[in-house]
Amino acid sequence: MRIASVELFVIQMPLKSPFLTHLSTVDTREGIIVKVTNKEGISGYGEGVAFSSPWYTEETVSTSLHMLTDFLIPILQKQPITHPEDIHTFFRSIRRNHMAKASLEMALWDLYAKIHSKPLSNILGGTRSQIASGVVVATVSTSKALHQIEQYLDEGYQRIKVKIHPNQDYSFLSEIRRYYPDIPIMADANSAYTLEDIDRLKALDDFNLLMIEQPLAQDDILEHSLLQKELKTPICLDESIVSFDDVRKAIEFGSCKVINIKVGRVGGLYEAKRIHDYCFERDIPVWCGGMIEFGVSRAHNIALASLPGFTIPGDISASSRFWEEDIITPEVVVENGFITVPNQPGIGFNVNEKRLNEILLTKKTFQF
Ligand code: OSB
Ligand code: MG
């Protein structure tokens, strides 16, 4: 692929409104945009989705920068790369740090697709021309949540996800179901419960939820399998799944019936696709998770979600869900509940470098 340079743009943008979970409140998003340019002057883009602090996974923006600068980019500088899948073997000597790895890997996939003048969705084996869009409500009060749900349904979103925890579950969900008895709705607990809460969790079977996401510990596989036996509502795992092997174990143990795939969390598109293929063969539905991301990661998610096993609307919303102005043109839009999969080469969106520079904190360049 004859790489000439890698650039890292550290950026920061305020969210339109704070995103609340029981673990953290995100009101400003810091992120890393990775730009890989080859000797012919073609550029591919990736995005590091770690947060400023390690509340969701152990990685942060700083640890990602450290890994990219001191380990991952030097590995790429040492040997020629012919295909983005080579990265998987190159990075084997580095433990974990999946979001850092994924950010560089995504940029190489975009570059590879552009070199071959094909849409990334096509390169990955995507079959859909549009993907169904879902959205997350993560706010303080029930009345605010109801208000947001109304707005998002008006905007056409096909599935609503709400955040729950022991102080906001049964009565919160009954209030939502009172107004919206039939909408496709799911709840994400971000590990707010333990097995001791089993009766609380069983009670949520009353609400006909599409699924409950990550009720128990962030690294657990075993206890979710005990819980799933007691629940009618399907469990979906998010935090517990950081690799293909985690998926294999979760499915074999019966720890969940649905998998949330996030490219950053599993270390790249290659691993994401392996997980998809495994689940697709076994009729296990998958959907694409979100990380309150900027347009670059959003574009990669759209390409990934065009694969046939992504049968449930994911957390891929419009750019305007979080941002006054995103860093890509055109922005991601949702029309009648769907996002069109671009048919331009690579991720199919242009990075607006003027916008990138407006929100730039620091920039590093590595020559090859
Ligand atoms: O648990 O799915 C999660 C956002 C940040 C970190 C973790 C999660 C989320 C979301 C998705 O819920 C938000 C989005 O739409 O990007
Ligand atoms: Mg989640």
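## Polar contacts of the ligand

Start with Asp238: a side-chain N or O atom of this residue is 3.1 Å from an oxygen atom of ligand 1. Keep in mind that the model is predicted. Lys161 also reaches out with its side chain, where an N or O atom sits 3.0 Å from an oxygen atom of ligand 1. Met291 uses its backbone instead, with an N or O atom lying 3.3 Å from a ligand oxygen.

How much of ligand 1 does the protein cover? On its own, ligand 1 has 390 Å² of accessible area, and the protein covers 100% of that.

## Who else is around

Zoom out a little and you'll find 18 residues surrounding ligand 1. The closest are Lys161, Lys163, Asp188, Asn190 and Ile292, and Lys161 is the residue we just met with its side chain 3.0 Å from a ligand oxygen.

What sort of residues make up this shell? There are 8 nonpolar ones, 8 charged ones and 2 polar ones. As for the space itself, ligand 1 sits in the largest cavity.

## Two domains, one ligand

The protein chain splits into domain 1, which takes in 3–117 + 350–367, and domain 2, which covers 122–340. So domain 1 comes in two stretches of the chain, as its bounds 3–117 + 350–367 show. Measuring over C-alpha atoms, the centres of domain 1 and domain 2 are 23 Å apart.

Where does ligand 1 lie relative to the two domains? It lies between them, because domain 1 and domain 2 both give residues to the shell around ligand 1. The domains touch each other too: 44 residues of domain 1 are in contact with 44 residues of domain 2.

Definitions and conventions:
Residues numbered from 1 in each chain as written. Chains lettered and ligands numbered in written order. Predicted model: local features only at pLDDT ≥ 70, side-chain atom pairs only at ≥ 80, totals over all residues. Heavy atoms only, no water. Near = heavy atom within 4 Å. Polar contact = N/O pair within 3.5 Å; in protein donor to acceptor, adjacent residues only side chain to side chain. Areas by Shrake-Rupley, 256 points an atom, 1.4 Å probe, with all protein chains shown as cover. 1 Å grid on protein atoms, 1.4 Å probe; cavity = no way out; pocket = protein on both sides within 12 Å on 5 of 7 lines; lining within 4 Å. Sits in = over half its atoms within 2 Å of the grid points. Nonpolar A, V, L, I, M, F, W, Y, C, P; charged D, E, K, R; others polar. Domains from an automatic or database assignment. Contact = heavy atoms within 4.5 Å.
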